[in-house]
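Please look at the sequence and the model below. The text that follows walks through the aromatic residues, then the nonpolar core, then the chain as a whole.

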Amino acid sequence: MKELDCIFIVLGTKIDKDLSNVRSINTTIIPIVGDCIFAFGKSREVIGRMIDYRNVEDYRLDDEGRGGEYVYIYVK
């Protein structure tokens, strides 16, 4: 079984300075745009996603053991 990964759920289209609209969850599934997920206490639609690879050196998609990337899921 794959180890759980953390993703960030963002309410809206940008992250607030105080991070009040961001929550982290552990999951092995990364939702795609158009999916409905339960976040911030109710069902929400995924309107965007961003994967930040800044913390990954020499990233290659087929590398096993990768996981330094940050995944942001934007919902409305």
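With a relative accessibility of 22%, F8 counts as partly exposed, because the buried class ends under 20%. This is a predicted model. F8 belongs to strand β1, which covers residues 5-11.

Two aromatic pairs are present in the structure. In one of them, the ring centres of F8 and Y70 are 6.1 Å apart and the planes meet at 70°, so the pair is edge-to-face; planes over 60 degrees apart are classed that way. Y70 sits in strand β5 (residues 70-75) and F8 in β1, so this pair ties together parts that are 62 residues apart in sequence. Y70 is itself partly exposed, at 35% relative accessible area.

How are the rings of F8 and Y72 arranged? Their centres are 5.2 Å apart and their planes are at 20°, so the pair is stacked. The cut-off for stacking is an angle under 30 degrees. Y72 also lies in β5, and the pair therefore joins parts of the chain 64 residues apart in sequence. Y72 has a relative accessible area of 14% and is buried. Taken together, the ring pairs link F8, Y70 and Y72 into a cluster.

The strands that hold these rings also supply the nonpolar core. The largest such core consists of eight residues, namely I7, I9, I37, A39, V46, V71, I73 and V75. Two or more of its residues come from each of β1, β3 (36-39) and β5. Which element gives the most to this core? It is β5, with three residues.

V46 is one of the core residues, and its surroundings can be listed. Leaving aside residues up to four places away in sequence, V46 touches P31, I32, V33, G34, D35 and I37, and also I73, Y74 and V75. Among these partners, I37, I73 and V75 are core members too.

Turning to the whole chain, the protein has five strands and zero helices, and its pattern along the sequence reads β-β-β-β-β. The chain has 76 residues, of which 26% count as buried. Among contacts with a separation of 6 or more, 43% are between residues 24 or more positions apart. The exposed area is about 5,800 Å², and carbon and sulfur atoms supply 51% of it.

Notes: Residues numbered from 1 in each chain as written. Predicted model: local features only at pLDDT ≥ 70, side-chain atom pairs only at ≥ 80, totals over all residues. Heavy atoms only, no water. Phe/Tyr/Trp six-rings, centres within 6.5 Å; stacked < 30°, edge-to-face > 60°. Helix = DSSP H or I, 4+ residues; strand = E, 2+ residues; numbered from the N terminus. Buried < 20%, exposed > 50% of the residue type's maximum accessible area, 1.4 Å probe, protein only. Core = buried A, V, L, I, M, F, W, Y, C linked by side-chain atoms within 4.5 Å. Contact = heavy atoms within 4.5 Å. Areas by Shrake-Rupley, 256 points an atom, 1.4 Å probe, with all protein chains shown as cover.
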